Amino acid sequence: MSTNDISPLELSSDDQGRVFVGRQREIALLLGGLSEASSGRGRLFLVGGEPGIGKTRLADAFAQEAKSRDALTMWGRCWEEGGAPAYWPWIQSLRGLLTELDPETLHMAAAGQGGVLAQMLPELRDYLPDLPEPPSLSPEAARFRLFDALVGFLVRISQHRMLVFVLEDLHAADDPSLLLLQFLAGQLANGKILLLGTYRDVEVRRDHPLAPVLAELSRSQATTRIDLAGLSEPDVARFIMSMEGQTPSEELVSSISRETEGNPLFIEEVVRLLVSEGRLWTYAGDERIPIPEGVREVIGRRLGGLPADCYRILTIGAVIGREFSIEVMQRITGRTAAELLETLREAVSAKLIANTHEEPGRFRFAHALIRETLYEDLMPADRVRLHREVGQVLEATYAPNPEPHIEELAYHFYEAATGGDVRKAVEYAMSAGKRATDLLAFEEAVRLLNMALRVLRDHPDELQRCEALLRLGEAQARSGATPIAKETFLQAAEIATRMDQPEMLARAAIGYAGRFSFARAATDRQVIPLLRQALDALGVEDSLLRATLLGRLAGALRDQPSLEPRASLAREAVEMARRIGDPATLFYALVAEWAASLLGPDGVDQQIIVAEELNALAEKVQDRERIADVGWVRFIRFMTRGQIWEARAQQEVMARAAHELGQPSQLWYAGVIETVLTLSDGGFDDAEKLIRQTMDYGRRAQAWDAEASRLFALFVLRREQGRLNELEEDIRRALVTHPGYRSLRVMLLIVLLDTGRGEEARVLFDQLAEDDFAMFPKDNEWLFATTLLAEAANILDDDDRALVLYEQLRPYEDLVALAASEVSVGPVALALGILAAQLGHHEEAAAYFETALGLSLQMQARPWVAHTYHSYATLLAARNQPGDRDKAVEQMMAALGISEELGMPSLTERLQLRLAELGAKPRRRTPDGRRNKEAPKGSVLTPREREVAALVAEGMTNRQIGESLYVSERTAETHVENILMKLGFTSRTQVARWVLDSGLHGEDT
């Protein structure tokens, strides 16, 4: 084999002298990605393989090539032994980046976000000393702001010079680092950035934290996964030749390839072992290669050849970690730097360790398996002793500024805890957990706080254990692990009760009940008793904890029919919060009051007053999360009042805030509200997709409420589609899992009527009607449930109950029947018109239908227009005054056109039957189902689709359309697909031409 056949890159070596051969396909993929990234299309490469397969060598070779193309290339290594702070691989990379940037570029890149970035990278203040403190936000919102600021920082730098980040050993990454990787990967299209991550695929099983991250990242078009296999026999030959300078025999190559399966680390270790034994060039074909079962035996045999003193020093280094410094080693061993360097010379020569370029006097094990072999050879007592010694030395070394190293100290004292130093182990783990929480690294805080609790399990300090549990529960809740957090808070509550610690009990109760003051207790029977227990223990004096407990209990009581108890609690919470003067607590209490006592039809006008005060408080503390919550309050009020344009404006405010925050809760709210509007528009295909997308966010935010919300929305959708029978099983199941939602019984009643089971429906209706429908309190579901009950009374021809419902609904004739923010079934006036007609009050019924029609047209709610036309026409046909028949036919024809266009088969069928009874014939259809005289194409589009079409004509991409309308890119894409389908087009160009030809571009869309 001639070296002329080998490219320079193939025979290159890294800074530790390790050779690199083969991998032509992989290098080609990476260099292609580098070219794409340099043109502004960022890329992510994920390189997986078993230990020693050559992931780092591939990354090294690629990084050298990237540097030669003037890319800023940064490395970050995940710390496999524990003790590193959250975001460690990113912090390493960013520290390196800071040293590469001139002050002008750094100032430009920070762009007003430097104070936010300094949360993760305090060193930034050394370069930009006048950075402001970051804004006060909720923890989840703050983490989004941090991630978003970092993305903006890197994108701005990449406009001047391409960035390459190499993140090694992602299988050992902390969860916050993986979340940041996901976030940044989603923004790669905006910058000249290439990310390369390596990981051991043999460690990433189904339950490994990296597994779902890999699955999510792999769905992106910007991601390429590279799975490294063993080297081929020709590459094994090249590898050996490049190591030893001679061409190996075919028999040797074949045996080594077979025994090592082409793993470069195994090949290297075996070759070095054969060289040390003088047998590499004397190998006979029938001689067995001495390959042990595991490479650790190979490494162990190499390590066994070291002088005893060198081996002992390396063992201490293995306890310190994958890297160790001469300075720390001096303090542990008492030797001089010169003596240590001389002792380690043999290990360097054997390529077991190498100097790092990042810091003089610092060494790194050539492979994690070398460090692991040394560490695992230690007796347990020796490990504990050495960890204690290392911890004490590091403690003294970092004494002037321990904060950045607190995780490292926590790791060593935790490992030494069995030796008796429990206090330091707990204190450092708790401090490290707090630091991780402050860094918004909630998952890492969970890990660290669990360390403290494991130590405390064997050395109990009840108050310290309670504090650790409270912090752990908070971190678990913020990371999204709500069920686990609840169990943790219950443990804390039990200790706090036993130890008579009322403030700890209050914190546990609030944590258990959850962060949303409006959330019902639902099926969780421990929420209300725990909150009450905490209130009793805390006493009656004003405090932030008591005001919060009062507000949370008010929200939890929303399942109960009696209004006054929760209203009283909410008022007390608001009054106390006002006396204390804390804006955040007052905001929390006001939301509780709004949910507990103002969400019903009688509180509609007061809602706007509360919304304005909430908005002022949110602006005062500059909290984007609370601003989004205000949008929700305003939307419900405007939608209930039929103020559609104001409601749409609030939906856009919420969507904008939700996408800025990037949090599941706000994204869920925004999706629910967009679904309400889409259903009222008649965009049923869009609504189907929105319900599914919104549920994805809801599962991560408030799974219990999200499931109920999904069912409400599906009920309205399937009702219009004539598919209510599909929901019966889900509704019956929800009656058990969500007993607080009384509307579910009414929804089941409508399903029974829709599927022709009149007798079963009559039994259920009689149950619901007991004591004049007393089981339905006037809360946020009342209008929705009562209008559906009006429909049932009409179908069952129950005049007595119709009269009761008529009198109950009359004060609310100008409102829209909204179930909180979940769904709406149209104007209350429509239900009143149906009831009035049933009771023979024809003139009143006509007036109500006119009101319902005007409100529906004003709101551009075409399904409601169609239903109103149908009911109004039915009244006219029954009244049969002069002109009534013709007007009835006209209205039914109009309703039929809408129902056929939108896809409302049940209504379509009823209208066709009524028209046949009146002797009127709908216009005939062509064989493809279209009318002979088609409506103008634009009329088949919803108002939102007309907006989207106009933006398509302006040349906007789906992403730009989403940003303009404050909806997701996926939603914008769905709108465009529907427009193409409805107009019969195949390209965006056709849409643009149609918009211009039709004059739609000039409309006030």
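Helices (H or I, at least four residues) and strands (E, at least two) are DSSP runs, numbered from the N terminus. This is a predicted model, where local features need pLDDT of at least 70, side-chain atom pairs count only at pLDDT 80 or more, and totals for chains, interfaces and linings use all residues. Residues are numbered from 1 along each chain as its sequence is written, and side-chain values use heavy atoms, with hydrogens and water left out.

**Exercise 1. The whole protein**

Task: work out how many helices and strands the protein has, and what share of its residues is buried.

Solution.
- Step one, the elements: the protein has 49 helices and 10 strands.
- Step two, the burial: 57% of the 1005 residues are buried, where buried means under 20% relative accessible area, exposed over 50%, and partly exposed in between (1.4 Å probe, protein chains only).
- Step three, the extent: the C-alpha trace spans about 115 × 70 × 55 Å along its principal axes.
- Step four, the contacts (heavy atoms within 4.5 Å): among those with a separation of 6 or more, 68% come from residues 24 or more positions apart.

**Exercise 2. Tyr 87 and Phe 773**

Task: say where Tyr 87 lies and whether Tyr 87 is buried or exposed, then do Phe 773 in turn.

Solution.
- Start with the place of Tyr 87: the loop between strand 2 (72-77) and helix 3 (88-100).
- Next, the backbone: Tyr 87 is not a glycine, yet has a positive phi of about 65°.
- Then the cover: with a relative accessible area of 0%, Tyr 87 is buried.
- On to Phe 773, which sits in helix 38 (residues 770-773). Phe 773 isn't a glycine either, and has a positive phi of about 60°.
- Last, Phe 773 counts as buried, at 4% relative accessibility.

**Exercise 3. Salt bridges**

Task: count the salt bridges, then find what Arg 57 pairs with and why that pair ties parts of the chain together.

Solution.
- The rule first: a salt bridge is a side-chain nitrogen of Lys or Arg within 4 Å of a carboxyl oxygen of Asp or Glu. By this rule there are 61 salt bridges.
- Arg 57 pairs with Glu 268, with the closest N and O atoms 2.2 Å apart. Arg 57 is in helix 2 (residues 55-68) and Glu 268 is in helix 12 (residues 264-276), so the pair ties together parts that are 211 residues apart in sequence. Both Arg 57 and Glu 268 are buried.
- Now try Arg 219 and Glu 216: the closest N and O atoms of this salt bridge are 2.5 Å apart. Arg 219 is exposed, at a relative accessible area of 61%, and Glu 216 is partly exposed at 38%.
- A third case is Glu 403 with Arg 435, at 3.9 Å from N to O. This pair links distant parts of the chain, 32 residues apart: Glu 403 is in the loop between helix 18 (380-397) and helix 19 (406-415), and Arg 435 is in helix 20 (residues 422-438). Glu 403 counts as partly exposed at 40% relative accessibility, while Arg 435 counts as buried at 13%.
- Finally, a network: Glu 688, Arg 718, Arg 723 and Glu 726 are joined by salt bridges that share partners.

**Exercise 4. Two helices and their cover**

Task: list the buried residues of helix 47, then find how many residues of helix 41 are buried.

Solution.
- Helix 47 (residues 958-965) has Asn 958, Ile 961, Gly 962 and Leu 965 buried. These four cover an arc of only 100° around the axis (taken from the directions from the helix axis to the C-beta atoms), which puts them on the same side of helix 47.
- The general idea: an α-helix has 3.6 residues a turn, so residues three or four places apart point the same way.
- After helix 47 comes Tyr 966, with a positive phi near 60°.
- Helix 41 (residues 828-838) is mostly covered, with 10 of its 11 residues buried. Among them are Val 828, Leu 832 and Gln 838.
- The cover over those buried residues includes helix 39 (782-795), strand 9 (816-819) and helix 43 (862-879).
- Just after helix 41, Gly 840 takes a positive phi of about 85°.

**Exercise 5. Gln 651**

Task: place Gln 651 and find which residues Gln 651 touches.

Solution.
- Gln 651 is in helix 31 (residues 644-661).
- At 1% relative accessibility, Gln 651 counts as buried.
- Leaving out residues up to four places away in sequence, Gln 651 touches Ala 670, Ile 673, Glu 674, Leu 677, Arg 944, Tyr 966 and Val 967.
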